[in-house]
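Below is a short briefing on one protein model. Please keep the sequence and the coordinates open while reading.

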Amino acid sequence: MGELYKIRSIDWKPSPVIALATSVDGLRVAASRQDGSMELWLVSPGSIGWHCQLTIHGDPNRRVSSLVWCPSGSKGMPCGRLFSSNIDGSVSRWDLFHLKQTTVLDSDGVSIWQMAVAPPKTDITNAETNGGHMGNGYVSKFHGSDEHEDSESDEDSDSADPLKHSATEYPRVAIGYDDGCLRIYDISDADEFIYVKSLPPVKGRVLSVTWSTDAKFIYSGSSDGIVRCWDAIVGNEIYRITAGLGGLGSGHELCIWSLLSLRSGMLVSADSSGGVQFWDSQHGTLLQAHSLHKGDVNALAAAPSHERVFSAGSDGQVILYKLSSQSESSDDINSAMKKWTYVHYIRAHTHDVRALTVAVPISQEDTLPDERIKRARRKEKPVEFSYHKWAHMGVPMLISAGDDTKLFAYPVKEFTKFSPHDICPAPQRTPIQLVLNTAFNQSSMLLVQSSDWIDVHLLQLKNVHTGGGFAKTEILARVKSKASRKIICSTIANSGVLFSYSDHVKPSLFELKRCEVGKMTWSVNRRKLPQRLPFAHSMIFTQDSSWLIVAGNDRRIYVVDVNSSELVHTFTPSRELQDEELPPTEPPITRLFTSSDRQWLAAVNCFGDIYVFNLEILRQHWFISRLDGASVTAGGFPPQNNNVLIVTTSSNQVYAFDVEARQLGEWSMRHTFVLPRRYQEFPGEVIGLSFPPSATSSSVVVYSSRAMCLIDFGLPVEQDDSDMLYTQDSITRNLQNINVKKRTKHRKNFDVLPLENPVLFLAHISKNSFFMIDKPWLEVVKSLETAPVHRHIYGT
């Protein structure tokens, strides 16, 4: 692989996660961050790293307070519809197809702390018979939950008409407000929030809300330390609980941050004193109280069986409570005799844990007929990553997230046996682009994208003489976005003269100039772009720096001549090679790749479909449907062969396409479905690839945030030996000397090298040398705005 140089001077400040929610089908987890972005993670039971399928850049000034999913109906997506309540008092719909945040309930000036969706009737029945997952008052359907109807469903007909109408027609949601009000709405198929009723206002803020498992009652927790039970049909208060009597807090000083209703008839509350209390929801009597947290308890979650409950809080702990064996022996035992015991705690987070959710993977992403080959390989000695031992289809996973910006996964049933799995070792990686041999004395330059500014760096490698040394960068220019608008994407031309970015309003183009009169200085001038360009999800310059290609949020692709500032052409991606005058019907484009001869443009949408365009004749050339059911994580055209498109997927597959012939390349036909196991179980998903700047090289380096791998398309693909597996000792030995120049003579194709720190970017700077931008996670933690201690959520 050659010489390796490192850079750590790049700013990287990921944003805290403030809310989590599992989709209706249990396959996706939505994570909302403090900067307004929403991430959709695919639950991936067969790989070490989960995949962030898409990111929606929402309004950073509209902070999310809670997330809920509700069914989409027969014509909607199986994952359901995603809504968020916001601190400004509004409710937003997150459009997963168009990648945008829209307001569905306007604010009346009062903050919303939490909202909860009532469990639908069909899910209630199936949860009772099949053990469906329920968290914070919402039942999710999992594998087998809708295969048959149970005879107990007849009992549901006894419920009152208003609730029956809501459950069969529209999902019903309860929203807790800062002024003490609790309002109920129906969500129509058109995403309209239809007002149903308001419950009598209470003293203090309504901080938490959940539904009973039969949707007949609503439980609310407030800032006065009281839990109230409401009749969901009539709207009157049935009883109230003073939570402080069973814990360390008292009265008005106690905040009820989370509530959880269980099928056994128990209600669980979590409060600001560190207490987790179990109540008889029928009578409102205290059954048990635990005070194991050393600060606020922010979140609760239950296993699909409802026999395990998890709590998490500001002390960074995730604690497991289990229903004692004596209560499991009989279904008729009185609820007052059921005992919840403390089992174990895990502290994987360095900061406050804000959210918990449970997901159950029910299918793998890959759908190609290669399962038989994979099962045969499983007979070999397993790779020593504990995630492989428990992360399988149908195995419930607990996910936690918080102020340290991390997401961790835990086995629900074997919580005490395995360490938590770091879902995203490098959250919100800083987007970086390298250009070599620019117009400025053939120097190399970096474009670094932050949330509201763009930096252009000069890369200095002249004084670095040893591999593994640290390179230096000199910042040449910083361009801040207008009104601190969040930057979505950016790109720099190969000449280094032009660069561009787009916020959520419009794209902007800039020209970098060097002034050598007196002391050398750099200046940035704004260049003109066509007026009707929409804001972009992705953008790229052609190899000769003459065209800027913009993937607009309107799902069209715009080709702009940067010299004349005129629009050259507009592409409308399509599955059929049809008339481009038709309105767009495909999802937004989130990745763009161009060939070095400026003939081909490859565009990838957020779900993994690929559209190939011929830039010479300005027509769509090919459509490639989603590969093996997975998303595209990286791609590019090798400089030595412009007719080949290389892509990697979230299922850790590598594809080489013959673009001209519109078919899978010969290499892929022979090797793609029988790749070595060491690459199939590559640590983390591939996030980027780099081609050597050589016309004779046939290799590519792919990398994740944890490891890098050399793939040479000219070498045979060798299967695994037992000594190639990644034990902890072998990882340690590799990290001691990351310079692998001595190994290149005897290198093995698909040679995987684990890396010590989270990697943000990796690229070649010559045929035999490349550089890497990484950062020790402890340095990132120290730079976070939130301190690793308990903070009051509001100051009163």
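Is Leu292 buried, partly exposed or exposed? The model is a predicted one. Leu292 is partly exposed, because its relative accessible area is 32%, and the range between buried and exposed runs from 20% to 50%.

**Surface patch**

- Leu292 belongs to a nonpolar surface patch together with Tyr342 and Tyr345.
- The accessible area of these three residues together is about 260 Å².
- Leu292 itself is found in the loop that runs between strand S23 (285–290) and strand S24 (297–302).

**Strand S4 and its partners**

- Strand S4 covers residues 37–42, and six of its six residues are buried. The strand is therefore largely enclosed by the rest of the structure.
- In a regular strand, side chains alternate between the two faces of the sheet.
- Ser37, Glu39 and Trp41 point one way from S4. Met38, Leu40 and Leu42 point the other way. Residues on both sides are buried.
- S4 pairs with strand S3 (residues 28–33) in the antiparallel sense, over five bridges. In this pairing, Arg28 stands opposite Leu42.
- S3 and S4 make a hairpin, with three residues between them. Gly36 sits in the turn and has a positive phi of about 95°.
- S4 is also joined to strand S5 (residues 51–57), by six bridges. S4 and S5 run antiparallel, and Ser37 stands opposite His57 of S5.

**Four-stranded open sheet**

- Another topic is an open sheet of four strands, in the order S40-S41-S42-S43. Its pairing is antiparallel.
- Strand S40 (536–541) and strand S43 (566–571) are the edge strands, and each pairs on one side only.
- From one strand to the next, the twist averages 20°.
- S40 is joined to strand S41 (residues 547–552) by five bridges, and these two strands run antiparallel. Met539 has Val550 in S41 as its bridge partner.

**Salt bridges**

- The whole structure holds 24 salt bridges.
- Arg28 and Asp25 meet through their side chains, at 3.1 Å from N to O. Both residues are buried.
- Asp35 forms a salt bridge with Lys486, and the closest N and O atoms are 3.2 Å apart.
- Why does the pair of Asp35 and Lys486 tie together parts that are 451 residues apart in sequence? Asp35 lies in the loop between S3 and S4, whereas Lys486 lies in the loop between strand S35 (472–480) and strand S36 (487–492).
- Lys486 is buried, because its relative accessible area of 11% is under the 20% cut-off.
- Arg575 and Asp609 also meet in a salt bridge, at 3.0 Å from N to O. This pair links distant parts of the chain, 34 residues apart. Arg575 is in the loop between S43 and strand S44 (589–594), and Asp609 is in the loop between strand S45 (600–605) and strand S46 (610–614).
- The two partners differ in exposure: Arg575 is partly exposed at 40% relative accessible area, whereas Asp609 counts as buried at 5%.
- Asp224, Arg228, Glu237 and Arg240 are joined into one network by salt bridges that share partners.

**Cysteines**

- How many disulfides does the structure hold? The number is zero.
- Cys79 counts as buried at 1% relative accessibility.
- Cys229 counts as buried at 2% relative accessibility.

Notes: Residues are numbered from 1 along each chain as its sequence is written. This is a predicted model: local features need pLDDT of at least 70, side-chain atom pairs count only at pLDDT 80 or more; totals for chains, interfaces and linings use all residues. Side-chain values use heavy atoms; hydrogens and water are left out. Buried means under 20% relative accessible area, exposed over 50%, partly exposed in between (1.4 Å probe, protein chains only). Two strands pair if DSSP finds at least two bridges between them. Patches are made of residues with over 30% relative accessible area and no salt bridge: like charges are joined within 9 Å, nonpolar side chains (Val, Leu, Ile, Met, Phe, Trp, Tyr) within 5 Å. Accessible areas come from the Shrake-Rupley method with a 1.4 Å probe; for residues, only the protein chains shown count as cover. A salt bridge is a side-chain nitrogen of Lys or Arg within 4 Å of a carboxyl oxygen of Asp or Glu. A disulfide is a pair of cysteine sulfur atoms within 2.5 Å. Axes are lines fitted to C-alpha atoms, for helices over the stretch in contact, and angles run from 0 to 180 degrees between N-to-C directions.
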